[in-house]
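Trainee: I would like a close look at a single part of this model. Please pick one strand and walk me through its surroundings.

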Amino acid sequence: MSKSQFGMVGLGTMGRNFLLNVADSGFSCVGYDLDAEKRNLLLEEGKDWDISAAEDPSDLVSKLAAPRTIMLLVPAGKVVDAVIEDLLTHLEKGDLIIDGGNSHFTDTERREAYLAAKGFGFLGVGVSGGEEGARLGPSIMPGGSREYYARVAPIFEAVAAKVDGEPCVAYMGSGSAGHFVKMVHNGIEYAMMQLIAEAYNLLRNAESAGGLDGSEGVDLKVADIFADWNKGKLNSFLIEITATVLKKIDGETGKPLVEMILDTAGQKGTGKWTSQAAMDLGIPIPTIDSAVSMRQISAQKALRVELARRYASGRSINNSQFIINNLHNALYAAFIVAYAQGLSLLQAASEEKNYGLNLDEIAKIWRGGCIIRSAMLEDIRSAFSADRALPNLLLDPKFAGEIGANIPAFRAVVEQFISAGIPAMCFSSALAYIDAFSSERLPANLTQAQRDYFGAHTYQRIDKDGIFHTQEWES
Ligand code: 6PG
């Protein structure tokens, strides 16, 4: 029996579908999972292709042609290390392990160094697109050694989503670049999802105030608004699925399913990691931070219920057409800010960690397959191909013009949120981000004066060079 070209450990939803995609693209494959049911499912679903299942790690390795390429799609964390150890005893120098999960970039750095010292290759690869993406075309963000990447590039290029014939995969950079880029992708994903949730909340309130009775009517109307928005500048996967999700009726109650879902959002940690990394690098990403905070606040349901009794007052809202018109433009501007924050973090990380990231390339491979894909990414790509070192997307002439044109709507919408008492952590932080970065003069002079007062931290002056300290602040 001839040996396989590509191996997979972890045959859960992502691993199995990714492997089926590889097989469907013409490569011979072998998969391994501890769970026999998952192995059987792979064989059943993959019966039309060159796919086999391995009984254990040694069987997996023996079924692969050398030098071997084995991808792991297992839960991030200790499982990845355990699987690597299981494989190591059977591998030969020059074999390549690929971690396709959402691993923390520092784990990726540690694993690459560990495996390199033993003569093995290791790539940390971000894979986005969920189950459907894995099967039909994900966006793939590979990082690590370029030589090892070259070995797997033909497979990744074949399985990745395609936009205008271009595969949504490109070598991101050295070391942990792939997992860092995927982490920031998820941070942007958090921000976009929270912005959409806030827009939905405002629209629901506006539609209810507009006289629509019952939650069903409201949700279907809001779904139509999102579906309409998806035909224009906001065209994106997340807007599209929002319209779809809002239309789903619960079979048991006959109500929109979304109304029956408990309002506490989970998180696996990648959004939080993005905020932590940004803090470490000194890069402000307040809209992503706000999205993480909102998931945390949503999880504190008991406290919210208690506080709602004490604080909730009449939150009325009207003028729904005004809101719908402005909200579209405000959401568009806020999406720009979410991308701008994530990309500015990537610029800084690339410098700090010598990743050698190409932001135009990143925007290119995010145009298809991944969760944050959107029509806007084509313009983002153009912005970074015109100026690869662009420190912030807000500086790009086209986006600066778009933001400028949409600012009045943005302010009107944030005013609506605030006056109605509807939480808008992400909308307001996105607007404040624009306002802060476009303030030639910020009140940081006062902050410096206070720091000097209580801690002799010194300050600089606007009228002469040097470092100053005022001994006697009390005049
Ligand atoms: C993707 C998703 C994927 C996953 C997130 C969910 O790009 O395909 O981002 O990686 O759905 O990890 O993250 P949370 O559980 O933190 O929302």
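Mentor: Here is a walk around strand β4, with a short stop at a helix afterwards. The model is a predicted one. Strand β4 covers residues 69–72.

Begin with the side chains. Thr69 and Met71 point one way from β4. Ile70 and Leu72 point the other way. In a regular strand, side chains alternate between the two faces of the sheet. Are these four buried or exposed? Thr69, Ile70, Met71 and Leu72 are all buried. Buried here means under 20% relative accessible area.

Now look at the partners of β4. One is strand β1, residues 6–9. β1 and β4 run parallel, and three bridges join them. Find Val9: it stands opposite Leu72 in β4.

Another partner is strand β5, residues 96–99. β4 and β5 also pair in the parallel sense, over four bridges. Here Met71 stands opposite Ile98 in β5. How does the chain get from β4 to β5? The path goes through helix α4, residues 78–88. This β-α-β crossover is right-handed.

Last, the helix stop: α5, residues 105–117. Helix α5 has 13 residues and reaches 19 Å from its first C-alpha to its last. That is close to the 18 Å expected at 1.5 Å a residue. Which residues of α5 are buried? They include Phe105, Thr108, Arg111 and Leu115. These four lie on the same side of α5, because they cover an arc of only 115° around the axis. After α5 comes Gly119, with a positive phi near 90°.

Terms used:
Residues are numbered from 1 along each chain as its sequence is written. This is a predicted model: local features need pLDDT of at least 70, side-chain atom pairs count only at pLDDT 80 or more; totals for chains, interfaces and linings use all residues. Side-chain values use heavy atoms; hydrogens and water are left out. Helices (H or I, at least four residues) and strands (E, at least two) are DSSP runs, numbered from the N terminus. The expected span of a helix is 1.5 Å times one less than its number of residues. Buried means under 20% relative accessible area, exposed over 50%, partly exposed in between (1.4 Å probe, protein chains only). The arc is that of the directions from the helix axis to the C-beta atoms. Two strands pair if DSSP finds at least two bridges between them. A crossover is right-handed if, with the strands pointing away from the viewer, the path from the first strand over the helix to the second runs clockwise.
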